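Hi,

Here is the model I promised to pass on to you. Please have a look at it first, and then read my notes below.

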Number of protein chains: 2
Amino acid sequence: MSINTCAEMARACRAASRVVARLNSDSKNTLLLDMAAGLRENMERILSANNRDIELARQAKLSDVLIDRLLLTPARLEAMASAMQDIAALPDPVGEITKTWHRPNGLTVSYQRIPLGVIGIIYESRPNVTADAAALCFKAGNAVFLRGGSEAFHSNQAIVTVLHHALEQHDLQSAAITMPASTERSVIMDMLNCSEDIDLIIPRGGEGLVRFVTENSRIPVIKHYKGVCHQYVDYNADIHMAIDLLVDGKCSRPGVCNALETLLVHEAIAGEFLPRAAAALSRQGVTLRGCEKTRHYVPDIEPATEDDYYAEYLSLTLAIKVVAGLEEAVSHIEQDVSDHTEVIVTRDYENARRFLSLINSSVVLVNASSRFSDGGQLGLGAEIGISTTKLHAYGPMGLESLTTQKFIVTGDGQTRHGLPWE
Amino acid sequence: MSINTCAEMARACRAASRVVARLNSDSKNTLLLDMAAGLRENMERILSANNRDIELARQAKLSDVLIDRLLLTPARLEAMASAMQDIAALPDPVGEITKTWHRPNGLTVSYQRIPLGVIGIIYESRPNVTADAAALCFKAGNAVFLRGGSEAFHSNQAIVTVLHHALEQHDLQSAAITMPASTERSVIMDMLNCSEDIDLIIPRGGEGLVRFVTENSRIPVIKHYKGVCHQYVDYNADIHMAIDLLVDGKCSRPGVCNALETLLVHEAIAGEFLPRAAAALSRQGVTLRGCEKTRHYVPDIEPATEDDYYAEYLSLTLAIKVVAGLEEAVSHIEQDVSDHTEVIVTRDYENARRFLSLINSSVVLVNASSRFSDGGQLGLGAEIGISTTKLHAYGPMGLESLTTQKFIVTGDGQTRHGLPWE
């Protein structure tokens, strides 16, 4: 695919975005429901395209994990369609007036939410991202430029064909959901140069992809590297609650970014808490690595190295450190650069307030599981991703993150300088 | 200056930012007032440093315009000090809870404003930016990494010395306001690579500087290329008002980005409006360039080329086009890529609403001058810059633009999955 072609597709996507930006909520919702119906009606066609991808993946000897990510089943397709219906049911962020104020000279000034324009999504093997990302961007009034993984090529094309059909039925340009037919890696570089016609890039995939995109993009990137989430158990924590939150945070889905990776324990509670916590975690198959003080109370675990305290295990391993108090817990957390999600378990009112105030990670929780650091769980309705950088969005991103705000000003002839005019 | 040195300075700035982030409003305000007092007390020292810069600039035969930008006078220094006092008096954005909601499981979720961290400002000749940018970033709880123009080297160093003195008096690290002692251009490249320790880059200067920074930065950049601002005069506009707004928009300060560059006129009012508008503008010394229809009503002006309709003149020149109506005005405005500021002058309620809804430039005004597209004028209190890109901030940027928001979540032991723990 030549640079020109990618640039031309981006330009057509920009033109379509102006039309999408002006659709009212009803039109967008009807279209999303039609897309969901289209996914169900074309289930066989999509599954057979997916079959081709799976065959090729097996021939290429891709790992079972990768093949599982790639695999579509009737249940997974039904989940995709139903997610689209959920997105249709969410409130429309576009047009919302978030603030209005009055100026002494009589001007009325408001902030109003508008779509960002064209959003580029660069992702890897999961074909459900095609439908999810297109639906979320569309609901927020944006056009979308999708670049999925080459291993999901046929599945993605089949899904996009269904979405295009729904757009056409509503007299909308199919460029509103653009996906280049080429899966060459050069397409990514071409996209990242279209800074006039793509407003935002969201890479969804491994750290390698995210770094590549960040380093090569001339378009703003919202990114998520990793999540090294901490739970700090304070001196007077409810031990039962602390263990519940720990097991939920570590074990309920260890492979995701909001799973716990490090446990910090106040030294005054360590003797009572650690043996019970270790027993509960061991029953779930968790491998523990601890500092010297931890191993004093739980002698049969491996020692933790410095690296363990920066590790995103994404597996049933947990690093443990005994600390002298809240200050040490906070400065330990601050050394980590993931800025993702931190939990304090405490009964101390003042320490709860201090933790909330001192920690500037994207999600800070008191007496609640780290696993709530998720757009759906926090009540954002849906999640397009999680940002661990602070610009534009920080933490779980819902539909509002796919919008920006303009100023609207109404007056009755106000000028800044009383110039004579005739 | 070696890359290591710049990286080390950025790391120290990051460390200082954690301390600044935790200062309460009173501490920050007292410090800003002490800085303002310091500028007044050290006026002679700063003016003599500025004298050296001016001497060197004269030897280097810099233009008079550039030398005027560089020049400090007692009045200009007093304005700098007084701007700092104004910033001290503004409400503190840090800590503000912008929204709180409740989840069905009993969790309470809030958005709270926190500082961005370290903000890098890359600017050209005006030494007042040193004090203004440092004060605004500091008020919003950030540390700042300043890189001023080489021609203002001595002035900037003298100002920063005063600010450092105030920081030290309050036991704060001077790294909270970092300015490398080298003015080599390589410092900019070094800064733009410190993506771990600088959170945001704001370039303030000409289009060349902004493009250089954007193309080379691995850190998010908030930028402002240009402002091609339009005023559309609708079929039934109050002609007196339309001329007032036009003269104010074009002539009150033609060299700034919110000055008008293009006038669009509904054909139904063109015959009555254009001759009177042209007369008023001519009296102010404005050169007009018009389309064929314009020249029918105002025959003695130059024809406008296509380029005129994209030009940011920044001088007393105005492009004029007669349009068939609101739709044509809107599509003309959409072809421009500056997305800055647009005005409609109308008495038609429906057209006012349509213009506000259809135009997604950063500031859209009804019956008010384009010159109100300014942070101070819109009531943001102060302005760190104007963004013409949509990520993070769009339009005039006040203190809130120098913050982000974290999620704070309070519960009483909620887990996502009811796992057994022992």
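Let me start with a strand pairing in chain B: S2(B) and strand S16 (residues 403–414) of chain B run antiparallel and are joined by 8 bridges. At one place in this pairing, B:Pro115 stands opposite B:Thr403 of S16(B). Please keep in mind that this is a predicted model.

S2(B), which covers residues 108–115, is also joined to strand S1 (residues 97–102) of chain B, again antiparallel, by 5 bridges. There, B:Thr100 faces B:Ser110 of S2(B). The hairpin of S1(B) and S2(B) has 5 residues between the strands, and B:Gly106 adopts a positive phi near 95° in it.

Now to the two copies. A turn of 180° with a shift of 0.0 Å along the axis lays chain A on chain B with an RMSD of 0.0 Å. The copies are thus related as by a two-fold rotation axis. Within chain A, A:His392 has the C-alpha nearest the axis, at 1.8 Å from it. Both copies use the same surface, as 96% of the contact residues of chain A recur in chain B.

The contact itself draws on 69 residues from chain A and 67 residues from chain B. On the side of chain A that touches chain B, strand S16 (residues 403–414) of chain A gives the most, with 11 residues. That side of chain A holds 32 nonpolar, 20 polar and 17 charged residues.

What does S16(A) pair with in chain B? Its partner is strand S13 (residues 363–368) of chain B, in the parallel sense and over 5 bridges. A:Ile408 stands opposite B:Val364 of S13(B) here.

You can then follow an open sheet of 10 strands with mixed pairing, in the order S1(A)-S2(A)-S16(A)-S13(B)-S12(B)-S7(B)-S8(B)-S11(B)-S9(B)-S10(B). Its edge strands are S1 (97–102) of chain A and S10 (302–303) of chain B, each of which pairs on one side only. Further along this order, strand S7 (residues 229–233) of chain B and strand S12 (residues 341–345) of chain B run parallel, with 4 bridges between them. B:His230 has B:Glu342 of S12(B) as its bridge partner.

Two helices of chain B are worth a look too. Helix H10 (residues 239–251) of chain B lies across S16 of chain A as well as S7, S8, S11, S12 and S13 of chain B, and runs at about 160° to S12(B). Helix H11 (residues 267–283) of chain B lies across S7, S8, S9 and S11 of chain B, at about 145° to S8(B).

Best wishes

Note on methods: Residues numbered from 1 in each chain as written. Chains lettered and ligands numbered in written order. Predicted model: local features only at pLDDT ≥ 70, side-chain atom pairs only at ≥ 80, totals over all residues. Least-squares fit on C-alpha atoms with pLDDT ≥ 70 in both. Contact = placed C-beta atoms within 7 Å. Pairing = 2+ DSSP bridges. Nonpolar A, V, L, I, M, F, W, Y, C, P; charged D, E, K, R; others polar. Axes fitted to C-alpha atoms, helices over the stretch in contact; angles between N-to-C directions.
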